[in-house]
Amino acid sequence: MRKSCAFGLERGRGRRVNTGNERFYGKQLKRDMFNQSGVLVVPAMALVGMEQLQILNRHGISLEEHDVGDRTEPSDHSQLIDESVLIIEDIFQEIRYTKQIPLLTIRKQIFPMIYHTTEQPNLFALFACLQSKDDYTFRHNIGVGVIATLIGRWLELKESELSQLTIAATLHDVGKLKIPLELLNKPEKLTAEEFELMKKHTWFGYEMIQNTVGTNLREALVAYQHHERQDGSGYPLGIKGDQISFFSRIVAVADVFHAMTSQRAYKNAAPFYETLKQMHDNAFGVLDPQIIRLFMDKMMQSIIGNDVLLTDGSKGTIVMVNPHDPLHPLVSLDSGFLDLSKQSSCHIERILI
């Protein structure tokens, strides 16, 4: 029998708090539930079962009638996102031939979808919809637009700023329309000469956005700078830190995450958790630490209640995320609770769907 790496708290230990939550068994939460330290312990839309009741009772959280409702099926954004990918493909084909960006069309047809999907409480399900099928080139623009807008909402940007960020993120790769298709779709590694040409998409995008009526420098800079890195290791200029615009730093995080979790012609999609870990470890270059920290925390909070496979082969459920170490949450196992932030011999291998 495999020996579990679990240790620490055991089920049932500690004083039980009588909250009267049992009467809400089988209901669905309307809002996120936080403990006294402000840590999310049960997310909105979760069904109240025995495990959720134990968590709420352990934290002394009493539910009220307005906190719950009857069970509803989660909103399915898959079709909406698929339709948006087709729309952005038509728009980009138009740009390829006319050399003009139809900004009004993007605002009218793409913005409503992005704003609607960023209200999706189940981020794990949303990102599954955003993962590329056989249309990475166009789905990537929608994916980065959605993820960057989510980050903007978490940063509590003003609506005018959020609108600028959404445009900048959706158009961040528009300069690739001036790169030969055979180069964009090449399954093998690019030669040094080919990579130098590929890097020019940043300047091409900057020029195209700058020449579009209704855009501004802040939006154009994102096209130019989204491959720059905090330590100066990026391109095209190798600038670092605050030399990189704030919007560009946001879009860089969204760009890396969506690219790594998508299936592409020359690489397989990386698992959700593995991508977060590599982003945290700067495997793709140094990204803005504050934005990365916020992104990691929100991503991990969104999967509370999800089952995970640990490196020792055992399976558990994420029940709480440590705000100081979000990648190493508290996991519930059959044998008890395992705090991954307090030991190094066992960690999450992947999230189970």
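Which residue lies over the face of Phe247? Select Phe247 in this predicted model and bring up its surroundings: Arg218 lies over the ring face, 3.9 Å from the ring centre.

**Aromatic pairs**

From that ring, turn to the rings that pair with one another, of which the count comes to 9 aromatic pairs. Select Phe195 and Tyr235 next, whose rings form an edge-to-face pair with 5.6 Å from centre to centre and 80 degrees between the planes. This pair links distant parts of the chain, since Phe195 belongs to helix α9 (residues 192-199) while Tyr235 sits in the loop between α11 (217-225) and α12 (246-260), 40 residues apart. With the surface displayed, Phe195 counts as partly exposed at 36% relative accessibility, whereas Tyr235, with a relative accessible area of 14%, is buried.

Move on to Tyr206 and Tyr224, whose ring centres are 5.4 Å apart; their planes stand at 40 degrees, so the pair is tilted. Tyr206 lies in helix α10 (residues 201-210) and Tyr224 in helix α11, so this pair ties together parts that are 18 residues apart in sequence. Both of these residues can be judged against the 20% limit for burial: Tyr206 is buried because its relative accessible area is 17%, and Tyr224 is buried because its relative accessibility is 16%.

To complete the aromatic part of the tour, select Phe127, Trp154, Phe257 and Phe295 together, which form one aromatic cluster.

**A buried histidine**

Now centre the view on His172, which is found in the loop between α7 (159-170) and α8 (181-184). Is His172 buried or exposed? His172 is buried, with a relative accessible area of 0%. Show the side chain of His140 as well, because a polar contact of 3.4 Å joins it to the side chain of His172. Leaving aside residues up to four places away in sequence, the residues that His172 touches include Asn141 and Val144, along with Val222, Ala223 and His226, and also Val251 and Asp255.

**The cavity**

The last stop is an internal space: the count comes to 1 cavity of 30 Å³ or more, and about 50 Å³ of space lies in the largest cavity. To find its walls, select the lining residues, among them Gln225, Glu228, Arg229 and Gln230, then Ile244, and further along the chain Val286, Leu287 and Asp288. Which helix gives the most to this lining? That helix is α12, with 3 residues; Ser248, Arg249 and Ala252 are also part of the lining and can be added to the selection.

Notes: Residues are numbered from 1 along each chain as its sequence is written. This is a predicted model: local features need pLDDT of at least 70, side-chain atom pairs count only at pLDDT 80 or more; totals for chains, interfaces and linings use all residues. Side-chain values use heavy atoms; hydrogens and water are left out. Rings of Phe, Tyr and Trp (its six-membered ring) pair if their centres lie within 6.5 Å; planes under 30 degrees apart count as stacked, over 60 as edge-to-face and the rest as tilted. Helices (H or I, at least four residues) and strands (E, at least two) are DSSP runs, numbered from the N terminus. Buried means under 20% relative accessible area, exposed over 50%, partly exposed in between (1.4 Å probe, protein chains only). A charge sits over a ring if NZ of Lys or CZ of Arg is within 6 Å of the ring centre and within 35 degrees of the ring normal. A polar contact is a pair of N or O atoms within 3.5 Å; within protein, one must be able to donate a hydrogen and the other to accept it, and residues adjacent in sequence count only if both atoms are side-chain atoms. Contact means heavy atoms within 4.5 Å. On a 1 Å grid over the protein atoms alone, a cavity is a set of points where a 1.4 Å probe fits but cannot get out, and a pocket is an open set with protein on both sides within 12 Å along at least five of seven lines; lining residues have an atom within 4 Å of a point. Grid points are joined across faces, edges and corners, and a volume is the space filled by probe spheres set on the points.
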